[in-house]
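Here is my note on the fold, in numbered points. Please read it beside the coordinates.

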Amino acid sequence: MLKDNDLKSIKLTPTDNSAVEGRTQNESANNAVPSDSLLSDNVFYKVVESCPVAISITDLEANIVYANQAFSRITAYEPEETIGKNESVLSNHTTPPIVYKTLWGRLAQKKSWVGVLVNRRKDESRYLAELTVAPVVDDKGAVTNYLGMHRDVTDIHRLQNQINNQKLLTEATLNSSPSAMVVLDETGKIVLDTLSYKALAADIGEEPVVEFSKAMRSQLGEQYNSESNLDIDFDGLEVTLDLSGFGTRYFTCHSSSITIEDGAVESFFNGATTRYRMLVFNEITQTRRRQEETRLHTLKELVAEEEFNQAMRETYDGAIHKLAEPVNLMSAAVSMLEKKGNADDPALEAMRSALHSGQQALVSLTKLLPMKASAGKTTVNINQVLTDVMSMCSEAVMSKGIDFSWQPAIHLPSILGMATRLRSMFKQLVINAIEAMDRQGITNRKLVITTNVVEKFAVVEIKDYGPGVPKDLQMKVFEPFFSTKKPGEYVRGMGLAMAHEIVTEHSGTISLENDRTGCRAIVHLPVS
Ligand code: FAD
């Protein structure tokens, strides 16, 4: 066994390779030699003995000539058992041969080597050894021994494995989630994103978080700024993205901050933290579309019912109108005959009876007149009403090859009104515009709907590129049963009368104006 005096005579090369390569062997050896005072005090030997790292010194065949207490503790070999044994006694024979080859290759070059080996204790239990080996050189630079230092890193390895597995599991879980998730650092840089987020990026063609930030800023105001302000948490904020080729896509967004302990060296003792922001985007486009379809379906039914009632009213109104004329004539004739005193005239009697029947019929018809929907007025968003109308008329617009342009006022105040009646009215105006352009010779088929605020009115313009309405008829067209259509065309003549009636119910005005390229239906409705 090597004693302290033997140890004093051993000169070590530093384990740092660059240092070895950067100096001469003698310089390296001299630098590693402890001072005489330390050696004379036997301190050096005691330090090595009590060092918690397993230290061994071998001959050039890796036979152990010295091992410290930690070596015995870690390997479970008694101190006297180790001497003379080859280091290979620690091998579990599962470390790949290439590892040993590299180790020995480095030593052959008089260089140190650091690596991890699977070691076996005396009791056959295994552990992972993080081993450093280095050549020991004499004054002439010749290698006399090898120094080995190792520590049991089984727990650290297990912990690292657990962390890695945890990370893999977390990533797999996040990636299998349909939610698009992204984590930003304090500068807005992406530090983590999921597969769904990447798929969204491929659809959008831009960084989704940038697009979402714009949309969120427009909803939350400038207080939300993903790049500089990470203080806003929100949950379930609905955001829409208009993507060319994908139409409008709907998302709910969640934002929460995450505070993580800083891994920087200088933060080790002061517990500094770093803040991140996690944004989660859940796509709800399918749900929204289904809801929208159901809503439109309901609206169509409501408008159809309203139109049916309107048609019934028109029919009865027409019948009453037509019947009232002969009844009035008959009434006048009966009064005249009665004044002449021919009370017993059988013709007068017959006329009285006919008049009575006519009046009865008028009363019956008036009773049958369907009641107007007496829905109460509520706050109505005209832009939304027009969007609904356009959805209802989209098929007609497309089938007639009409280009449609929608130019809504960004901030249109709502009005107090009956949404269903207003929908019917605007639908009528849109249908009129479509029919006006559905003629031979009209190639520039464009329908432009704009909304504006003028003073205290919400102004809607429905512009078509049809032939327009002659100036002298621009008022007349609002009269019941009036139509500019030719004989043979389907005519009801009540559309604009109904539109006029509804606008009047809302204290608004409606007019038709020609311009160089067509006709504009202009509706003014007072804002609430
Ligand atoms: P071996 O037959 O011993 O060797 C395998 C290969 O290593 C051979 O093919 C050969 O290329 C090379 N080799 C072996 N001996 C020499 C040599 N003297 N010169 C040049 N090349 C050689 N091994 C461990 O498993 N655990 C340890 O903790 C450990 N600590 C060591 C500490 C020191 C200071 C040194 C010098 C070596 C240490 N070794 C350790 C390596 C050990 O000596 C064996 O090389 C290794 O255990 C493989 O043993 P083996 O019986 O499987 O194969």
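**Notes on the two sheets**

1. An open sheet is built from five strands in the order β7-β6-β10-β9-β8, with antiparallel pairing. Its edge strands, each pairing on one side only, are β7 (190–193) and β8 (234–243). From one strand to the next the twist averages 25°. Strands here are DSSP runs of E with at least two residues, helices are runs of H or I with at least four residues, and both are numbered from the N terminus. Two strands are called paired if DSSP finds at least two bridges between them.

2. This is a predicted model, in which local features need pLDDT of at least 70 and side-chain atom pairs count only at pLDDT 80 or more, while totals for chains, interfaces and linings use all residues. Residues are numbered from 1 along each chain as its sequence is written, and side-chain values use heavy atoms, with hydrogens and water left out.

3. Edge strand β8 pairs with β9 (residues 247–261) in the antiparallel sense, over eight bridges. Two of the bridge partners can be checked by eye: Leu 237 is matched with Cys 253 of β9, and Val 239 is matched with Phe 251 of β9.

4. On to the next pair in this sheet. β9 and β10 are antiparallel as well, and their pairing runs over 11 bridges. Ser 257 has Arg 277 in β10 as its bridge partner.

5. Which helix lies across β6, β7, β8, β9 and β10? Helix α10 (residues 195–204) does, running at about 95° to β6 (180–184); β10 spans 273–283. Contact means heavy atoms within 4.5 Å. Axes are lines fitted to C-alpha atoms, for helices over the stretch in contact, and angles run from 0 to 180 degrees between N-to-C directions.

6. Five strands also form an open sheet in the order β2-β1-β5-β4-β3, and the pairing is antiparallel. The strands at its edges are β2 (64–67) and β3 (113–120), each pairing on one side only. On average, neighbouring strands of this sheet are turned by 30° against each other, direction ignored.

7. Edge strand β3 pairs with β4 (residues 126–137) over eight bridges, in the antiparallel sense. Trp 113 has Val 133 in β4 as its bridge partner.

8. Helix α8 (residues 97–108) lies across β3, β4 and β5 (143–152). The helix runs at about 135° to β3.
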